[in-house]
Amino acid sequence: MSSIPKGKFSPIPKDIASAQKIHRPSLSYWQDAWRRLKLNKTAMFSMYFVVFMAIVAIFGPMIWPDYRTNYLKDTFLTPSLQHWFGTDELGRDLFARVIRGTRISLFIGITVSLITTAFGVVYGGISGYFGGWIDDALMRFIDIISTVPDMIILILLLVVIEPGVPTLILAMSLTSWTGIARIVRGQLLQIKEQDYVLVARTQGASASRIISRHLIPNALGPIIVRLTMAVPMFIFEEAFLSFINLGVQIPEASWGNLGQSGVQQFVQHPHLLIFPALFLCITTLALNLFGDGLRDALDPKMRK
């Protein structure tokens, strides 16, 4: 093999400044998660739709407040420019009632999700951090609760207590926190032996400070995903309970009791069922799609 002449090569001058230049800025965990979430067009569209529905829930009943007044001469009107979704059996404007139902259903879903997440994080955090007999006792209590279906407990509570929005929130919160508690416990069991937790212990940090400042922040990804995915679940649960007349009571409006009224008149007046069901399905679908995208964005295994 012939040798290559050295004259064909020239040394590259050293450029220390160019070598030390940062060509791509470093990203934190949350910045990288947001970057990857923005790349998911479906999740971003779903997020914008959910924000739009939240705005409708807040300001819609202020713009269309007349959702209880009966106009018996205008019963069962079909959709028109005057009544966008038509009217019901008492002449009430269905559009105003659906908008009011949007506020009630979203309020219940978000409130129950926040309450159950907060309690589940505290319960699971204590169980996962201390371990031993405390963990065994707390987990056995969850096992006992889990042996009885949530819906049975809900129905029994709503039969004993007068139905309504506060009662519905209380009943749903009492039976729905176990899932997030198990998730938090599992996350803390994995990370509580990390070096930074050991350093905090050696420095004399209390258990509450270690849990709140070191463990829970490092488990926020699964917690946020669980919180997001729980909202559509609770909205649908509220709709079912209101549909069987154990949730929000008429004349107050929610997607569930509007659907229950619409079923009775579906053959002659299908618009009474179609519009509340459409709002319920689209909103829960958007929340689920956003939750899926958020889960992918917060998953460290998906980082590139």
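Here are a few friendly notes on this predicted model, taken element by element.

1. **The patch around helix 3.** A good place to start is the surface, where Val51, Ile55, Ile58, Phe59, Met62, Ile63, Trp64 and Trp84 make a nonpolar patch of about 810 Å². One of these residues, Ile55, sits in helix 3 (residues 41-63). Its relative accessibility is 44%, so Ile55 counts as partly exposed, since that class lies between the 20% and 50% cut-offs.

2. **The span of helix 4.** Helix 4 covers residues 94-130, which is 37 residues. At 1.5 Å a residue it should span 54 Å, and the C-alpha atoms at its ends are 53 Å apart, so the two values agree.

3. **The surroundings of helix 4.** Is this helix enclosed or open? Of the 37 residues in helix 4, 27 are buried, so the rest of the structure largely encloses it.

4. **The two ends of helix 4.** Have a look at the start of helix 4, where a side-chain oxygen of Asp93 comes to within 3.3 Å of the backbone nitrogen of Phe95. After the helix comes Gly131, with a positive phi near 60°.

5. **Thr228 in helix 11.** Moving further along the chain, you will find Thr228 in helix 11 (residues 220-243). With a relative accessibility of 12%, Thr228 counts as buried, because buried means under 20%. Which residues does Thr228 contact, leaving aside its neighbours within four places in sequence? They are Leu287, Phe290, Gly291 and Leu294.

Technical notes:
Residues numbered from 1 in each chain as written. Predicted model: local features only at pLDDT ≥ 70, side-chain atom pairs only at ≥ 80, totals over all residues. Heavy atoms only, no water. Patch = residues over 30% accessible without salt bridge, like charges linked within 9 Å, V, L, I, M, F, W, Y side chains within 5 Å. Areas by Shrake-Rupley, 256 points an atom, 1.4 Å probe, with all protein chains shown as cover. Salt bridge = Lys/Arg side-chain N within 4 Å of Asp/Glu carboxyl O. Helix = DSSP H or I, 4+ residues; strand = E, 2+ residues; numbered from the N terminus. Buried < 20%, exposed > 50% of the residue type's maximum accessible area, 1.4 Å probe, protein only. Expected span 1.5 Å × (residues − 1). Polar contact = N/O pair within 3.5 Å; in protein donor to acceptor, adjacent residues only side chain to side chain. Contact = heavy atoms within 4.5 Å.
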